[in-house]
Structures are given as C-alpha cells and as structure tokens.
Amino acid sequence: PLSLSMFYSPFEYGRKNILNCLLALSNLRKKYTLHLNGLSEDKYYKAIMKSLNISFVEHGCVHTNEYELILDKIDIGIQVGFAETFNYIAAEHMARGIPVIASRMVRVMDDMPPGIFKRTIVDNADNAFEIMGKLNRLMSSPEERWALGKEMRSALQESNRKRVGIASATLEGMR
C-alpha cells in the first residue's frame, strides 16, 4: 500500500479540514496507510477513522531525526486546510520530492507553476470528492507521482532563491 501523510499540530486541528480529508480517504480506490503525528490520540478523530475503516500508523510527536525517517517513506502528503500562513509541512514534503495535495489557502503552493497547481490544488476544501479525485489520480500513477514530486521540489527551490534574493536586496538597502 501507498503511504500518505496528514501531519498536523493538535493546536491547528480546527483549521486543517480533517473531516473532509478523512471522508476522502475512506473512498479511495487503492490501498494505503495513513501516517499521523498525534491525530489518533484524539479520541474523537480516532473513532471517526475507525468507523471509516482508515488504516493508519500513529507516530505521535516525534523529534526531527525520526520525522525525517518517516518522510522518507511517504508517497503523498495531504494538507487541505482552511487557513494557513505558509505551511512548513507541505514545504518539507516538497523539498524531498513528495507531492502534496493542498487547498488554495496553503501559501507555499502559491509559487507552483500552473500545471502543478492544477494537479495538486483542491479548489473547494469542503468537497471531499474533489480531494479524493486528486488523491486517486496520483495514487494510480507512480510515474506521475514521481515526476510531480520532482517538479514541486524544483519550483520550491526556485521560489526560495527568489525570496532569498529579495531579502538580501532589502538588507543591503538598509546599510
């Protein structure tokens, strides 16, 4: 089975669109294991995942080294939130070449080229079927998943170079 991730801080559950993502996961065509970092420790979400027959591995709160080892096993990240500032989890996935399904609210996705944006962005975060459709497509094509991850990493690196350039120019102007 493929490895999917939904990594969220418990302080952010309210804005992370968890229920729609879980509904989408419950209807996927291919087998998967969902990797979590504490979500199933919440009895409410654990009961929902059990009732929806979602297979998951709970890692709990992990240190950086362990988190990086977990990321090495992930095929697709899920970050379809309602409100974000940047979303480091999505950026960390993309930096490793892991494609991420996200909402328009995930700001790190703003610099993705239109082709990537179209394949990974969920226009209506309330629509579990749209989330499911994006996931099913990536799950059914290992070649597309690998190529998309590579494209996302490249776009993220280019965006970072531009932002570092802007910051450097700003700091130089302050001298």
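This briefing describes the nonpolar cores, a buried serine and the salt bridges of the structure above. The structure is a predicted model, in which local features need pLDDT of at least 70 and side-chain atom pairs count only at pLDDT 80 or more, while totals for chains, interfaces and linings use all residues. Residues are numbered from 1 along each chain as its sequence is written, and side-chain values use heavy atoms, with hydrogens and water left out.

**Nonpolar core**
- The largest nonpolar core (buried Ala, Val, Leu, Ile, Met, Phe, Trp, Tyr and Cys residues joined through side-chain atoms within 4.5 Å) has 47 residues, of which Met6, Leu22, Leu25 and Leu34 touch the most other members.
- Helix H6 (residues 128–139) gives the most to this core, with 6 residues; helices are DSSP runs of H or I with at least four residues, and strands are E runs of at least two, numbered from the N terminus.

**Ser5**
- Ser5 belongs to strand S1 (residues 2–6).
- Ser5 is buried, at a relative accessible area of 1%; buried means under 20%, exposed over 50% and partly exposed in between (1.4 Å probe, protein chains only).

**Salt bridges**
- The structure contains 14 salt bridges, each a side-chain nitrogen of Lys or Arg within 4 Å of a carboxyl oxygen of Asp or Glu.
- Arg96 and Asp72 form one, with their closest N and O atoms 2.5 Å apart.
- Arg96 lies in the loop between helix H4 (88–95) and strand S5 (100–103), and Asp72 in the loop between helix H3 (64–71) and strand S4 (76–79), so the pair ties together parts 24 residues apart in sequence.
- Arg96 is partly exposed, at 33%, whereas Asp72 is exposed, at 53% relative accessibility.
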